[in-house]
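User: Could you take a close look at the nonpolar core of this one for me? I'd like to see what it is made of and what sits around it.

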Amino acid sequence: MGITGSNGEYMVCTFEETPSSKYRIMVFDGSGNIVFKTSDKAYSKNVTIEGNNIFFYNITTGTVCSGKLK
């Protein structure tokens with residue numbers, strides 16, 4: 001887990017790969033709503049959020065990925 005965002009307003013959770021877990025990265029806002037989720041693998045320390053944009057290093061593909069938060 002980690003706190004990120006321009007003002008520390010998001011919590012990033014990363015999960016191990018298991019048969020029952022669908023997502024590897026989930027991002028929650030201050031109200032506890034999920035604003036981003038993906039099955040891509042990353043460490044929480046490698047996830048950065050700036051404004052509405054999320055950037056992370058995908059361990060599986062060895063690439064930097066980006067996306068938009070809800």
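Analyst: Here is the core, with the chain around it first and a few individual residues after that.

A word on the basis: this is a predicted model, where local features need pLDDT of at least 70 and side-chain atom pairs count only at pLDDT 80 or more, while totals for chains, interfaces and linings use all residues. Residues are numbered from 1 along each chain as its sequence is written, and side-chain values use heavy atoms, with hydrogens and water left out.

The protein chain has 0 helices and 7 strands (helices being DSSP runs of H or I with at least four residues, strands runs of E with at least two, numbered from the N terminus). Read from the N terminus, the order is β-β-β-β-β-β-β. The radius of gyration is 11 Å, close to the 11 Å that the globule rule gives for 70 residues, so the chain is as compact as a globular protein of that length; the radius is taken over C-alpha atoms, and the rule is 2.2 Å times the number of residues to the power 0.38. The C-alpha trace spans about 30 × 25 × 20 Å along its principal axes.

Of the 70 residues, 33% are buried. Buried means under 20% relative accessible area, exposed over 50%, and partly exposed in between, with a 1.4 Å probe and protein chains only. As for contacts (heavy atoms within 4.5 Å), take those between residues at least 6 apart in sequence: 21% of them join residues at least 24 apart.

Now the core itself. The largest nonpolar core has 13 residues, and Val-27, Ile-49, Ile-54, Phe-56 and Leu-69 are those with the most contacts inside it. By nonpolar core I mean a set of buried Ala, Val, Leu, Ile, Met, Phe, Trp, Tyr and Cys residues joined through side-chain atoms within 4.5 Å. At least two residues of this core come from each of E2, E3, strand E4 (34–38), strand E5 (47–50) and strand E6 (53–58). E2 covers 10–14 and E3 covers 25–28.

Ile-49 is a good place to zoom in. Not counting residues up to four places away in sequence, Ile-49 touches Thr-4, Gly-5, Ser-6, Tyr-10, Val-12, Val-27, Ile-54 and Leu-69. So what does Thr-4 look like from its own side? Thr-4 is in strand E1 (residues 2–4) and counts as buried at 13% relative accessibility. With neighbours within four places left aside, its contacts are Glu-9, Tyr-10, Val-12, Val-47, Thr-48 and Ile-49.

Another residue to look at is Thr-38, which sits in strand E4 and is buried, with a relative accessible area of 11%. Outside its neighbours within four places in sequence, Thr-38 contacts Tyr-23, Arg-24, Ile-25 and Phe-56. Phe-56 is one of the core residues with the most contacts. From Thr-38 to Thr-14, 24 residues apart along the chain, the C-alpha separation is 9.9 Å.

Then there are the loops. Asn-7, in the loop between E1 and E2, counts as exposed at 71% relative accessibility. Asn-7 and Gly-51 are 44 residues apart in sequence, and their C-alpha atoms are 9.1 Å apart in space. Thr-18 belongs to the loop between E2 and E3 and is partly exposed, with a relative accessible area of 33%. The C-alpha atoms of Thr-18 and Gly-51, 33 residues apart along the chain, are separated by 31 Å. Lys-22 is found in the loop between E2 and E3 too, and at 60% relative accessibility it counts as exposed. Lys-22 and Asp-40 are 18 residues apart along the chain, with 9.9 Å between their C-alpha atoms.
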